[in-house]
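Q: I would like to learn how to read a structure like this one. Could we go through it together, one feature at a time?
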Amino acid sequence: MEEMRIRDEVFQKVKQLYSLRKKNDFVPGETYIQYGGTIYDEKEICRLVDSALEMRLAAGRFARQLEKKFAAFLGVKYCSLTNSGSSANLLALSALTSPKLGDARLKPGAEVISVAAGFPTTVGPIIQNRLIPVFVDVELGTYNIQVEKLEAAVSEKTGAIFLAHTLGNPFNLKKVQEFTEEYGLWLIEDNCDALGSKYEGRYTGSFGQLATSSFYPPHHMTMGEGGAVFTNELRLKRLVESFRDWGRDCWCQPGTDNSCGKRFELQLGKLPSGYDHKYTYSHIGYNLKLTEMQAAVGLEQLKKLPAFIEARKRNFNRLYAGLKKYKAYFILPKVEAEAEPSWFAFLLTVRENAGFTRNELVRYLEKHKIATRMLFAGNLTKHPCFEGVDYRICGGLKNTDLILENSFFIGVYPGINKAMTDYIIETFDRFFQEKLPQAELVLA
Ligand SMILES: Cc1ncc(COP(=O)(O)O)c(C=O)c1O
């Protein structure tokens, strides 16, 4: 009883502290408009304190609940939580290299088709697993793979396609899936920037044999750091968790023993017969588990996710409505007919001969307190990390190079309100008045 009373008191204090800190005064031109950030209230803090009060540190009850809830949200069977989206990508691809998959495994030297215009850790796991990335150019507008070039990219070494839904905009899943089915390839969806996006009415992240999420703060929901791998196949879930949990063969949850019923009855590798399955390793693994504190925050964030998704769509639509008059100067975002994006950001490409450069506009926006970002690496192959890396480019990367020079994005996250999108649009208007007073506007 005494313990309950003290706990309640702690939670009351936490709520008080939160309401003291809460401030959302926006002063145009003074308040920096971030492109992303953590949106939370006292519930996240209370959950976090709750797990701290019980000293639940390693993943446990909250993590298991969250895995079930995530899987149900996306409409897939299994979710395995991990400590970041990058780890999720590494685990998804590493799982496919497992000897347990027999001939279907990705063997060293196998090729994986991807794009160079994106985040480095979509591609990193390909190289880390001694596989060869094959880069195909992207379309301008959707910033997703040019599906018509897939046929030219495939070789007898191709084993998988690993692609992100760029900034929440679903790639052409229909064509990509037809292709992977025809050639018997694995498909991994990097869904890190696209939680809540749909394609033909179904959530992205439920199409590939494996898909990933990131919960780093600018993403659709956050746990500070965090990630997840999704799959419908029990064998893949087990492989993902083996690589995540030190490479172990055993799939017992923490605190449980003998789930397989054969703990002391197996003979694997060159081990003596009956060696404890709990300490038998079938992969050269990692430890990429998340903590219970992260899962605690995730449980509260997941409740807010539908509202977050709506806010992102609303902000995107407001920006689109206000900026489409400049379509002679920018390539505006485009969406596949079957896609319904849950946007990560609002990406623009300055057209060649626009009369100003991307860098001039970005500097202007930043000077007026509007955060901008590039499309991550732009062209990954041009980064220092690619020196000495074995890769193949199929058909040139003309658009990827244009993105490197001319594209940037601004935020649509739920921390941006109507006053902020109005201010962003006014700032673009002022830029055009100052820089190009004769700008031709498309007002239709
Ligand atoms: C498409 C994509 N994949 C993977 C990641 C990596 O996620 P994390 O930062 O959680 O490692 C990011 C990061 O923002 C991303 O944008």
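Q: Which side chains meet Arg392 in a salt bridge?
A: Start with the general idea: side chains of opposite charge can pair when their charged atoms come close. In this predicted model, the partner of Arg392 is Glu111, with 2.8 Å from N to O.

Q: How many salt bridges does a search of the whole structure find?
A: The search finds 27. One of them joins the side chains of Glu54 and Arg7, at 3.7 Å from N to O. This pair links distant parts of the chain, 47 residues apart: Arg7 belongs to helix H1 (residues 2-21), while Glu54 sits in the loop between helix H2 (42-53) and H3.

Q: Now for the sheets. In what order do the eight strands of the open sheet come?
A: To read a sheet, go from strand to neighbouring strand. Here the order is S1-S9-S8-S5-S4-S2-S3-S13, and the pairing is mixed.

Q: Why is one side of S1 and one side of S13 left without a neighbour in the sheet?
A: Strand S1 (78-82) and strand S13 (392-394) stand at the edges and have a single partner strand each, so nothing in the sheet flanks the other side of either one. On average, neighbouring strands of this sheet are turned by 20 degrees against each other, direction ignored.

Q: What does a pairing inside this sheet look like?
A: Take strand S2 (residues 111-114) and strand S3 (residues 132-136), which pair in the parallel sense over four bridges. Val112, for example, has Pro133 in S3 as its bridge partner.

Q: Which strands does helix H3 touch where it packs on the sheet?
A: Helix H3 (residues 61-74) touches S1 and strand S9 (227-231), and its direction makes about 130 degrees with that of S1. Helix H8 (residues 234-244) also packs on the sheet, touching S1, strand S5 (186-190), strand S8 (210-214) and S9. The direction of H8 makes about 10 degrees with that of S1.

Q: What is the order of the open sheet of three strands?
A: The order is S7-S6-S11, with antiparallel pairing. Strand S7 (202-203) and strand S11 (339-340) are at its edges with a single partner strand each, so each has one side without a neighbour in the sheet. S6 and S7 run antiparallel and are joined by two bridges; in one pairing, Lys198 has Tyr203 in S7 as its bridge partner.

Q: Let us step back to the domains. Into which domains is the protein divided?
A: Domain 1 covers 50-293 and domain 2 covers 305-435. Their centres, taken over C-alpha atoms, are separated by 28 Å.

Q: How should I read the interface of domain 1 and domain 2, and how many residues are in contact?
A: Look at residues, area and polar pairs in turn. In the contact, 45 residues of domain 1 meet 45 residues of domain 2. The two domains bury about 3800 Å² between them, with 63% of it on carbon and sulfur atoms. Across this interface there is one salt bridge, along with 24 residue pairs in polar contact.

Q: Which elements give two or more residues to the side of domain 1 that touches domain 2?
A: They are helix H5 (120-128), S3, helix H6 (150-153) and strand S6 (198-199). S3 gives the most, with five residues.

Notes. Residues numbered from 1 in each chain as written. Predicted model: local features only at pLDDT ≥ 70, side-chain atom pairs only at ≥ 80, totals over all residues. Heavy atoms only, no water. Pairing = 2+ DSSP bridges. Axes fitted to C-alpha atoms, helices over the stretch in contact; angles between N-to-C directions. Contact = heavy atoms within 4.5 Å. Domains from an automatic or database assignment. Buried area = accessible area lost by both parts, 1.4 Å probe. Salt bridge = Lys/Arg side-chain N within 4 Å of Asp/Glu carboxyl O. Polar contact = N/O pair within 3.5 Å; in protein donor to acceptor, adjacent residues only side chain to side chain.
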